[in-house]
Amino acid sequence: ESFGLSPEDAEQAFLDIILKRAQSAMSRVKAELIRGREENCTEIVQRLVRYAQFVNGDLELQVEEATAWKIFNMYEAMDFEGEEAEAIEERKNLLKIALGLS
């Protein structure tokens, strides 16, 4: 309200920010994968998953299937020690949706 936005407009502005950041993160991941630097993707992929949590996985990303599976397999191989299995599976499902694998 202090910005003069209705709740709907504020929600749309937030959604636009999330989608733009997700697109940017995906571009970085693709660039790192092309260069063979998968180790640089870990934090970026985790960021994508956090963005996906805000929009139930619908990040409107354009990803080739082979690249999507590479990203998903990379995430699946990460160390989630100490985290609840249910939360991990939920995040994996959101990533699948975001990558168009579901």
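**Helix packing and nonpolar core of a four-helix chain**

Trp69, Phe72, Tyr75 and Glu76 of helix H3 meet Arg91, Lys92, Leu95 and Lys96 of helix H4. In this predicted model, the residues of the contact of H3 with H4 divide into four nonpolar and four charged, with no polar residue. The two helices pack with their axes 10 Å apart, at an angle of about 170°. Because angles over 145 degrees count as roughly antiparallel, H3 is roughly antiparallel to H4.

One participant in this contact, Lys92, was examined individually. Lys92 lies in helix H4 and has a relative accessibility of 11%, so it counts as buried. Apart from residues up to four places away in sequence, Lys92 touches Phe72, Tyr75 and Glu76. These three residues are among those that H3 brings to its meeting with H4.

The overall architecture gives the setting for this pairing. The secondary structure of the protein chain consists of four helices and zero strands, and the order of elements from the N terminus is α-α-α-α. Along the principal axes, the C-alpha atoms fill a box of roughly 45 × 30 × 25 Å. The chain has 102 residues, of which 34% count as buried. Among contacts between residues at least 6 apart in sequence, 71% join residues at least 24 apart.

Helix H1 comprises 28 residues and covers residues 7-34. From its first C-alpha to its last, H1 reaches 41 Å, close to the 40 Å expected at 1.5 Å a residue. Its buried residues are Ile18, Leu19, Ala22, Ala25, Met26, Val29, Glu32 and Leu33. An α-helix has 3.6 residues a turn, so residues three or four places apart point the same way. The cover over the buried residues of H1 includes H2 and H3. After H1 comes Gly36, with a positive phi near 75°.

The axis of H1 comes within 11 Å of that of helix H3 (residues 65-76), and the two cross at roughly 95°. This crossing makes H1 roughly perpendicular to H3, since angles of 65 to 115 degrees count as such. On the H1 side, the contact is made by Met26, Val29, Lys30 and Leu33, and on the H3 side by Thr67, Lys70, Ile71 and Met74. The residues of this contact divide into five nonpolar, one polar and two charged. Met26, Val29 and Leu33 from the H1 side are also among the buried residues of that helix.

A residue of helix H2 also meets H1. Ile44 is found in H2 and counts as buried because its relative accessibility is 1%. With neighbours within four places in sequence left aside, Ile44 is in contact with Ala25, Arg28 and Val29. Ala25 and Val29 are included in the buried set of H1. The C-alpha atoms of Ile44 and Leu33 are separated by 12 Å, at a distance of 11 residues along the chain.

The largest nonpolar core of the model has 31 residues. In soluble globular proteins, nonpolar side chains tend to be buried together. The core members with the most contacts inside it are Val29, Val45, Leu48, Leu59, Leu61 and Leu99. Two or more residues are given to this core by each of H1, helix H2 (42-54), H3 and helix H4 (85-98). H1 supplies the largest share, seven residues.

Leu59, one of the core residues with the most contacts inside it, was considered in detail. Beyond its neighbours within four places in sequence, Leu59 is in contact with Ile18, Leu19, Ala22, Gln23, Leu48, Tyr51, Ala52 and Ala98. Among these partners, Ile18, Leu19 and Ala22 are buried residues of H1, and Leu48 is listed with the core residues that have the most contacts.

The loop between H2 and H3 contains two residues with a notable backbone angle. Asn56 lies in this loop and has a positive phi, near 55°, although it is a residue other than glycine. At 61% relative accessibility, Asn56 counts as exposed. Glu60 has its place in the loop between H2 and H3 as well. Its phi is also positive, at about 55°, and Glu60 is not a glycine.

Definitions and conventions: Residues numbered from 1 in each chain as written. Predicted model: local features only at pLDDT ≥ 70, side-chain atom pairs only at ≥ 80, totals over all residues. Heavy atoms only, no water. Axes fitted to C-alpha atoms, helices over the stretch in contact; angles between N-to-C directions. Parallel < 35°, antiparallel > 145°, perpendicular 65-115°, else oblique. Contact = heavy atoms within 4.5 Å. Nonpolar A, V, L, I, M, F, W, Y, C, P; charged D, E, K, R; others polar. Core = buried A, V, L, I, M, F, W, Y, C linked by side-chain atoms within 4.5 Å. Buried < 20%, exposed > 50% of the residue type's maximum accessible area, 1.4 Å probe, protein only. Expected span 1.5 Å × (residues − 1).
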